[in-house]
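Dear colleague,

I am handing over the structure that we spoke about, and you will find it just below. Please keep it open while you read, since the notes after it go through the helices and the sheets one by one.

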Amino acid sequence: NLKKAKVEGKGVLNNRISEYILTNLSQCGIKTHFVKRLNMREQLIKRAEIFPIEFIVRNIATGSLTKRLDIPEGTLLERPLLEYCYKKDELNDPLISREHIYSFGWATEEEIKYIDKTTLRINDLLTGVFRAVGIKLVDFKIEYGKAWNKDTDKKEIVLADEISPDTCRLWDVKTEKKLDKDRFRKDLGNIIQAYQEVARRLGIVPETTN
Ligand code: 5GP
């Protein structure tokens, strides 16, 4: 995604939403890099070696999928679609297959097996979290890394990314109104209001100090 701009207040909202979601996932046994939120804009995370891969899960067809394969916008997929993209801005994060990952040694088969399973579980958990507050989880992108676990004295794979309306597509269940970064990408306006709406529905209360 090439379009860039600074939207006032978006970082603060993303920080809170991501904290809420990652904490929620941790409580469900998903290992993440998140340690704690430090203040309005910063969080403490574990150092992780990031796999150069974006893991994308899609429940409803939109965005690059509809363009690439000429699939009608809004098509409900028979089952969640997991896609891999090579993290390379200069190339616009191209779609790759699992075989590319193994051939270039970006991750092992064992690692991908674990990541795929974890990613689909995250999709199930997040679908439920959002559904409960009247939001459809259309698709999202996550990244993983390897971080040191001081209890086991071993490296382990952790979810190493924010999860927020910047990285997910979120549609209102009833109106299908976009409550995510597509408001910015498509110049729909009211970006902050949409992010605030997501935070409010998740029960995240605004913070005035810190
Ligand atoms: P698409 O491939 O349709 O553009 O994006 C699929 C999903 O992955 C969307 O939820 C989108 O927000 C997320 N996504 C894909 N690439 C990126 C990226 O480079 N940055 C962010 N923040 N999200 C991405």
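**Helices and sheets in the predicted model**

H1 and H6 are roughly parallel to each other, because the angle at which H1 packs against helix H6 (residues 191-201) is about 20°, and angles under 35 degrees count as roughly parallel. The axes of H1 and H6 are 10 Å apart, and the crossing in which H1 passes H6 is left-handed. On the side of H1, the contact is made by Lys10, Leu13, Asn14 and Ile17, while H6 brings Ile191, Ile192, Tyr195, Gln196, Val198 and Ala199. Sorted by class, the residues of this contact between H1 and H6 are seven nonpolar, two polar and one charged. Please bear in mind throughout that this is a predicted model.

In case the two numbers given for this pair look arbitrary, two packed helices are described by the angle between their axes and the distance between the axes.

H1, which covers residues 10-27, also packs against helix H4 (residues 109-131), and here the angle is about 125° with the axes 11 Å apart. That angle makes H1 oblique to H4, and the crossing of H1 and H4 is right-handed. From H1, the residues that make the contact are Tyr20, Ile21, Asn24 and Leu25, and from H4 they are Ile122, Leu125, Leu126, Val129 and Phe130. What classes of residue make up the contact of H1 with H4? There are eight nonpolar residues and one polar residue, with no charged residues in this contact of H1 with H4.

**The sheet of five strands**

The chain holds six helices and 10 strands, and five of the strands form an open sheet in the order S6-S5-S4-S7-S10, with antiparallel pairing. Its edge strands are strand S6 (95-96) and strand S10 (168-172), each of which pairs on one side only. H4 packs on this sheet, where it touches strand S4 (53-60), strand S5 (76-86), S7 and S10, and the direction of H4 makes about 150° with that of S7. Strand S7 (residues 135-142) runs antiparallel to S10, and five bridges join the two; if you look along this pair, you will find Phe140 opposite Cys168 in S10.

**The sheet of three strands**

A further open sheet has three strands in the order S3-S8-S9, again with antiparallel pairing. Here the edge strands are strand S3 (48-50) and strand S9 (154-159), and each of them pairs on one side only, while the twist from one strand to the next averages 30°.

S3 and S8 are joined in the antiparallel sense by three bridges, and within S8 it is Gly145 that serves as the bridge partner of Ile50. Strand S8 (residues 144-149) also pairs with S9, in the antiparallel sense and over six bridges. Which residues stand across from one another along S8 and S9? Tyr144 stands opposite Leu159 in S9, Lys146 has Ile157 of S9 as its bridge partner, and Trp148 has Lys155 of S9 as its bridge partner. S8 and S9 form a hairpin with four residues between them, and in the turn Asp153 has a positive phi of about 60°.

H4 appears here as well, since H4 lies across S8 and S9 and runs at about 105° to S8.

**The chain as a whole**

How does the radius of gyration compare with that of a compact globule? For 210 residues, a compact globule would have a radius of gyration near 17 Å, and the chain has 17 Å, which agrees. Along its principal axes, the C-alpha trace spans about 45 × 45 × 35 Å.

When you go through the model yourself, you may like to begin with H4, which packs against H1, touches strands of the sheet of S6, S5, S4, S7 and S10, and lies across S8 and S9.

With best wishes

Definitions and conventions
Residues numbered from 1 in each chain as written. Predicted model: local features only at pLDDT ≥ 70, side-chain atom pairs only at ≥ 80, totals over all residues. Heavy atoms only, no water. Axes fitted to C-alpha atoms, helices over the stretch in contact; angles between N-to-C directions. Parallel < 35°, antiparallel > 145°, perpendicular 65-115°, else oblique. Left-handed = near helix turned anticlockwise from the far one by under 90°. Contact = heavy atoms within 4.5 Å. Nonpolar A, V, L, I, M, F, W, Y, C, P; charged D, E, K, R; others polar. Pairing = 2+ DSSP bridges. Rg over C-alpha atoms; globule rule 2.2 N^0.38 Å.
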